Every structure is written in C-alpha cells, then in structure tokens.
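Me: I've got a structure open and I keep running into words like "buried" and "paired". Can you walk me through it and show how each label is earned?

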Amino acid sequence: MLWQDEGMIHIGAEAEVRIGRWLGLPAIKKTRIPRTWRHPDLDKRLTKRRLDVECKILNKLLKENIAAPRILELNKDEMTMIISKIEGSPLIESLQAGIVDENVFFQLGKIIRNFHEIGISHGDISTNNILWQAGSEPTLIDFGLSKNTIEVEDFGIDLHVLEEILSASHPEYEGAMEQVEAGYLSQSPDDVIDIPAGLLPTANEVIKRLQDIRTRVRYHD
Ligand SMILES: Nc1ncnc2c1ncn2[C@@H]1O[C@H](COP(=O)(O)OP(=O)(O)OP(=O)(O)O)[C@@H](O)[C@H]1O
Ligand SMILES: [Mg+2]
C-alpha cells in the first residue's frame with residue numbers, strides 16, 4: 001500500500017480529509033462525499049465536477065510554479081485524491097490564537113494576485129482555506145470552486161469574499177484588508193498582462209471593482 005493512514009482531520013459538508021503518508025511523504029487524502037439532500041445523479045455529477053476542477057487547477061498551479069499541494073494519486077471512482085501535505089495550520093486558527101505576524105495579510109494579497117495573474121480565481125478564499133505557519137508565506141488550498149477566468153468581476157469577488165470573512169470572523173484585525181489590498185497592488189499594479197485566455201485586468205482595475213462590489217452590496221443590505 002502506498003497510503004498509510006494516520007487518521008481523520010476534517011469532516012466537512014463536501015469532503016472528508018484524512019492525514020497520513022504516501023510513499024513515506026506527509027500527505028492528505030481528500031474524499032468528496034455527495035450531499036444526500038440533492039438528487040443522487042445530479043449530486044454525483046456535481047461532486048465529480050468539483051474533483052475534476054480541483055485536479056485541473058492543481059496541475060496548472062504546478063506548471064505555473066505557484067505553491068500548492070501536488071497530486072500524488074487520483075481515484076475518480078472513489079472520488080478520492082491524495083495530495084502532498086502543506087505545512088502550517090488554517091489561518092483561522094492562528095488568527096484566533098493571536099499568533100500571526102503583521103506581514104501575513106500583505107503576503108496574502110500578493111499571493112492572491114499571483115493566482116489572478118495566471119487567470120485563476122480561487123472562488124472560496126476563507127481563512128479555513130489558507131494554511132500558514134510562522135516564518136513562511138501563506139498557501140491557498142481547496143480549489144473545488146476555482147475557475148479559469150480573465151473577468152475582473154471574478155477577481156473582485158475573490159477579494160470581497162475574503163473581506164467579508166475577515167470582517168465577520170476576525171474584526172479585531174483592523175486594517176487587515178488594507179494590507180491585503182496593498183499586497184495585491186504591490187507588483188506592477190498598472191501592467192496589462194497578456195495570457196493565452198486574453199488580456200487580464202490590471203491589479204488597480206481589480207481593486208476598483210472591489211470598491212464597486214462593496215457599494216453594490218451595501219446598497220442591497
Ligand atoms: N494539502 C493539505 N495540507 C494540509 N492540510 C490540508 C490540505 N488539504 C486540506 N487540508 C486540511 O483539511 C481541511 C479541509 O480541506 P479542504 O478545505 O480542501 O476541504 P473542504 O472542501 O473545505 O471541505 P468542506 O467544504 O466540506 O468543509 C483544510 O481546512 C485543512 O485544514
Ligand atoms: Mg475548505
């Protein structure tokens with residue numbers, strides 16, 4: 001057996017996550033579980049789609065040299081994926097424990113821009129889906145809702161989702177979002193980048209869109 005199980009670390013609405021070793025390497029086994037309340041066929045299709053999406057995105061990140069788990073083994077029949085373990089713990093825990101260094105929000109903004117610069121929106125940037133340990137940069141995980149896109153709206157929404165979570169769950173970190181924005185804008189904020197899918201919005205355009213989204217959301221509240 002390549003996989004040596006060391007136990008369950010997470011049971012979520014969409015997935016069960018176990019920790020262990022794969023050929024001796026620290027690894028994570030993620031099994032997508034269909035939600036029972038939906039129509040079973042539709043359910044299977046959606047679950048499979050999320051697994052496919054996550055694999056496709058992980059492969060692209062590897063190719064583009066962006067820090068992310070590596071796929072070690074894939075079993076589509078069992079909806080299981082074994083990926084390399086990323087060091088650190090979910091940022092939500094470090095924020096609650098008060099052990100983050102100030103730089104983490106800035107670095108996070110930079111990393112989100114790196115994703116956008118290769119035409120990927122993460123789709124679910126919560127502090128559960130960011131792993132961090134002292135002395136390292138944060139790493140984004142969980143790509144079941146990610147997509148290939150060059151739309152400024154998708155990138156703006158990525159930042160807005162994070163902003164909502166920061167203000168709802170971590171209000172004591174005042175100025176966190178300003179740091180995320182500063183990190184996002186820290187590399188060539190006005191460069192128009194040409195990727196195979198088309199021209200990407202500049203970092204400044206994305207931040208402007210974030211401001212529009214905020215206004216829109218407030219207006220609807
Ligand atoms: N590569 C990894 N390295 C280290 N820890 C991981 C890794 N992948 C997942 N985890 C841990 O497992 C947790 C859940 O994984 P993930 O976010 O991928 O699943 P999920 O889709 O959010 O599940 P659900 O949405 O059902 O809660 C993460 O928050 C993290 O703590
Ligand atoms: Mg998650």
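## How the labels are earned

Reply: Sure. Let's start where the two halves meet: 12 residues of domain 1 are in contact with 9 residues of domain 2. On the side of domain 1 that touches domain 2, 7 residues are nonpolar, 5 are charged and none are polar. Keep in mind that this is a predicted model.

Me: Where are the domains, and how far apart do their centres lie?

Reply: Domain 1 covers 3-84 and domain 2 covers 89-220. Their C-alpha centres lie 23 Å apart.

Me: Which domains supply the shell around ligand 1?

Reply: Domain 1 and domain 2 each give at least three residues to that shell. It has 20 residues, and the closest are Gly12, Glu14, Pro69, Ile86 and Asp142. By type, the shell splits into 11 nonpolar, 5 polar and 4 charged. Strands E1 (3-11), E2 (15-22) and E3 (25-32) each supply at least two of its residues.

Me: Asp142 is in that list of closest residues. What makes Asp142 count as buried or exposed?

Reply: Count the C-beta atoms around Asp142: there are 22 others within 10 Å. The cut-off for buried is 20 or more, so Asp142 is buried. Asp142 is found in the loop between E9 and strand E10 (147-148). Its phi is near 70°, a positive value in a residue other than glycine.

Me: Why point out a positive phi?

Reply: Because most residues other than glycine have a negative phi. Met79 is another case, with a positive phi of about 55° although it is not a glycine.

Me: What makes Met79 buried, exposed or something in between?

Reply: Met79 has 19 other C-beta atoms within 10 Å. Buried needs 20 or more, and exposed means 12 or fewer, so Met79 is partly exposed. Met79 is placed in the loop between E4 and E5.

Me: How do you know that E4 and E5 are paired?

Reply: A pair needs at least two bridges, and 4 bridges join E4 to E5, so they qualify. The two run antiparallel, and Ile71 stands opposite Ile83 in E5. They make a hairpin with 4 residues between them, and Met79 is in the turn.

Me: What about E3, which partners does it have?

Reply: E3 pairs with E2 in the antiparallel sense over 8 bridges, and with E5, also antiparallel, over 5 bridges. Ala27 shows both pairings: Gly20 stands opposite Ala27 in E3, and Ala27 stands opposite Ser84 in E5. E2 and E3 form a hairpin too, with 2 residues between them, and Leu23 in that turn has a positive phi of about 50°.

Me: Why is one side of E6 and of E9 left without a neighbour in the sheet?

Reply: Three strands form an open sheet in the order E6-E8-E9, with antiparallel pairing. E6 (89-90) and E9 (139-140) stand at the edges with a single partner strand each, so one side of each has no neighbour in the sheet. E6 and E8 (residues 130-132) pair over 2 bridges, and the cut-off is at least two, so that pair just makes it. In that pair, Ser89 stands opposite Trp132 in E8.

Me: Now the helices. How do you know that the length of H1 agrees with what's expected?

Reply: Helix H1 (residues 40-63) has 24 residues, so at 1.5 Å a residue it should span 34 Å. The end C-alpha atoms of H1 are 35 Å apart, which agrees. Its buried residues are Thr47, Leu51, Glu54, Ile57, Leu58 and Leu61. Their cover includes E3, E4, E5 and E7. Just after H1, Asn65 takes a positive phi of about 65°.

Me: What does H4 reach, set against the expected value?

Reply: H4 (residues 152-169) has 18 residues and reaches 26 Å from its first C-alpha to its last, close to the 26 Å expected. The buried residues of H4 include Phe155, Leu159 and Leu166. Among the elements covering the buried residues of H4 are H3 and H6.

Me: What makes Phe115 buried or exposed?

Reply: Phe115, in helix H3 (residues 104-117), has 23 C-beta neighbours inside 10 Å, so it counts as buried. Leaving out residues up to four places away in sequence, Phe115 touches Ile66, Ile120, His122 and Leu140.

Technical notes:
Residues are numbered from 1 along each chain as its sequence is written. Chains are lettered from A and ligands numbered from 1 in the order in which they are written. This is a predicted model: local features need pLDDT of at least 70, side-chain atom pairs count only at pLDDT 80 or more; totals for chains, interfaces and linings use all residues. Domain bounds come from an automatic or database domain assignment. Two residues are in contact if their C-beta atoms, placed from the backbone, lie within 7 Å. Ala, Val, Leu, Ile, Met, Phe, Trp, Tyr, Cys and Pro count as nonpolar, Asp, Glu, Lys and Arg as charged, and the others, Gly among them, as polar. A residue is near a molecule or strand if its C-beta atom, placed from the backbone, lies within 6 Å of it. The expected span of a helix is 1.5 Å times one less than its number of residues.
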